[in-house]
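Reader: I am new to this structure. Please take one part and go through it closely, along with whatever it meets.

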Amino acid sequence: MVTDNLITKNPSVLAIIFSSILLITALIFEYVNNLTPCQMCIWQRWPHIGVIAICLLSLLIKNHYNKLLLLAGLLSLTSSAIGLWHSGVELGYFNSPSSCIDTNFNSNITLNDLLAKPISGCDIIFWDFLGLSMANWNTILSSFLGCFCIFFSFYNRREHYEKEKRA
């Protein structure tokens with residue numbers, strides 16, 4: 001019953017928690033496990049920062065709550081779409097964006113310079129769990145969060161609680 005009230009009363013709080021967990025997990029992999037993110041990995045993070053900001057704003061501006069939650073859902077689906085594209089790049093279905101390819105090679109670069117530079121190509125899978133890469137997991141989880149936010153942006157919370165009071 002407590003989770004039902006949390007979900008139906010303030011789904012934006014759950015969206016903030018969910019996006020924060022995704023971002024914190026990515027930062028832990030980057031800074032604790034020393035996995036250098038590629039450009040597409042970074043792109044997938046920006047919509048989640050937007051989800052957090054918009055959901056925080058929705059808690060302050062109650063009369064536009066549903067519109068802001070819808071926007072948060074669309075941002076989450078944007079991260080999911082980037083993750084899907086990234087997954088396709090990892091599997092070789094799509095071409096990697098030019099920003100993922102390091103073309104800054106000149107004649108002055110040494111072998112030690114190349115070996116010291118972290119590898120972070122968009123087509124390289126550095127980590128997987130249950131056969132799914134981080135981009136795959138982001139696609140799945142961001143799709144879930146986006147659908148959750150969009151569903152609750154159309155959910156009439158006031159009507160739900162009026163029915164609850166009558167019962």
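Author: **How the helices pack**

Start with α3 and α4. Their axes lie 9 Å apart and make an angle of about 170°. This is a predicted model. An angle over 145 degrees counts as roughly antiparallel. The pair α3 and α4 is therefore roughly antiparallel. Their contact holds 18 nonpolar residues and nine polar ones, with no charged residues.

One aromatic pair links these two helices. Trp43 sits in α3 and Trp85 sits in α4, which spans residues 65–91. The two are 42 residues apart, so the pair links distant parts of the chain. Their rings are 5.9 Å apart, centre to centre. The planes differ by 25°, and the pair is stacked. How exposed are they? Trp43 is partly exposed, at 26% relative accessible area. Trp85 is also partly exposed, at 33%.

Now the wider plan. The protein chain has seven helices and two strands. Along the sequence, the pattern reads α-α-α-α-α-β-β-α-α. The chain has 167 residues, and 35% of them count as buried. Take the contacts between residues at least 6 apart in sequence. Of these, 78% join residues at least 24 apart.

Next comes α6, the part to look at closely. Helix α6 runs over residues 134–154, and α3 runs over residues 39–60. Their axes are 12 Å apart, at an angle of about 25°. An angle under 35 degrees counts as roughly parallel. That is why α3 and α6 are called roughly parallel to each other. Their crossing is left-handed. On the α3 side, the residues are Gln44, His48 and Val51. On the α6 side, they are Ala135, Asn138, Ser142 and Leu145. By class, this contact has three nonpolar residues, four polar ones and no charged ones.

Helix α6 also meets α2, which covers residues 11–31. Here the axes come within 10 Å and cross at roughly 170°. That angle makes α2 and α6 roughly antiparallel to each other. Again the crossing is left-handed: α2 passes α6 that way. From α2, the contact takes Pro11, Leu14, Ala15, Phe18, Ser19, Leu22 and Phe29. From α6, it takes Met134, Asn138, Leu141, Ser142, Phe144, Leu145, Phe148, Cys149 and Phe152. The classes are 13 nonpolar, three polar and no charged. Asn138, Ser142 and Leu145 take part in the contact with α3 and in the contact with α2.

Several of those names have aromatic rings. The structure holds five aromatic pairs. Which residues form a cluster through ring pairs? Phe18, Phe144, Phe148, Phe151 and Phe152 do. Look at Phe148 and Phe152 within it. Their ring centres are 4.9 Å apart. The planes stand 55° apart, and the pair is tilted. Phe148 and Phe152 are four residues apart in α6, so about one helical turn separates them. Phe148 counts as buried, with 14% relative accessibility. Phe152 is buried too, at 7%.

Two serines complete the tour. The first is Ser87, in α4. Is it buried or exposed? At 7% relative accessibility, Ser87 counts as buried. Leave aside residues up to four places away in sequence. Then Ser87 touches Ala135, Asn136 and Thr139. Ala135 also belongs to the contact between α3 and α6. Ser87 and Leu132 lie 45 residues apart in sequence, yet their C-alpha atoms are 9.3 Å apart in space.

The second is Ser143, in α6 itself. Ser143 is partly exposed, with 24% relative accessibility. Which residues does Ser143 touch, not counting those up to four places away in sequence? They are Leu77, Ser80 and Asn138. Asn138 is one of the α6 residues that meet α3. Ser143 and Gly73 are 70 residues apart in sequence. In space, they are 8.7 Å apart, C-alpha to C-alpha.

To recap α6: α3 runs roughly parallel to α6, and α2 runs roughly antiparallel to α6.

Key. Residues are numbered from 1 along each chain as its sequence is written. This is a predicted model: local features need pLDDT of at least 70, side-chain atom pairs count only at pLDDT 80 or more; totals for chains, interfaces and linings use all residues. Side-chain values use heavy atoms; hydrogens and water are left out. Axes are lines fitted to C-alpha atoms, for helices over the stretch in contact, and angles run from 0 to 180 degrees between N-to-C directions. Angles under 35 degrees count as roughly parallel, over 145 as roughly antiparallel, 65 to 115 as roughly perpendicular and the rest as oblique. A crossing is left-handed if the near helix is turned anticlockwise from the far one by less than a right angle, and right-handed if clockwise. Contact means heavy atoms within 4.5 Å. Ala, Val, Leu, Ile, Met, Phe, Trp, Tyr, Cys and Pro count as nonpolar, Asp, Glu, Lys and Arg as charged, and the others, Gly among them, as polar. Rings of Phe, Tyr and Trp (its six-membered ring) pair if their centres lie within 6.5 Å; planes under 30 degrees apart count as stacked, over 60 as edge-to-face and the rest as tilted. Buried means under 20% relative accessible area, exposed over 50%, partly exposed in between (1.4 Å probe, protein chains only).
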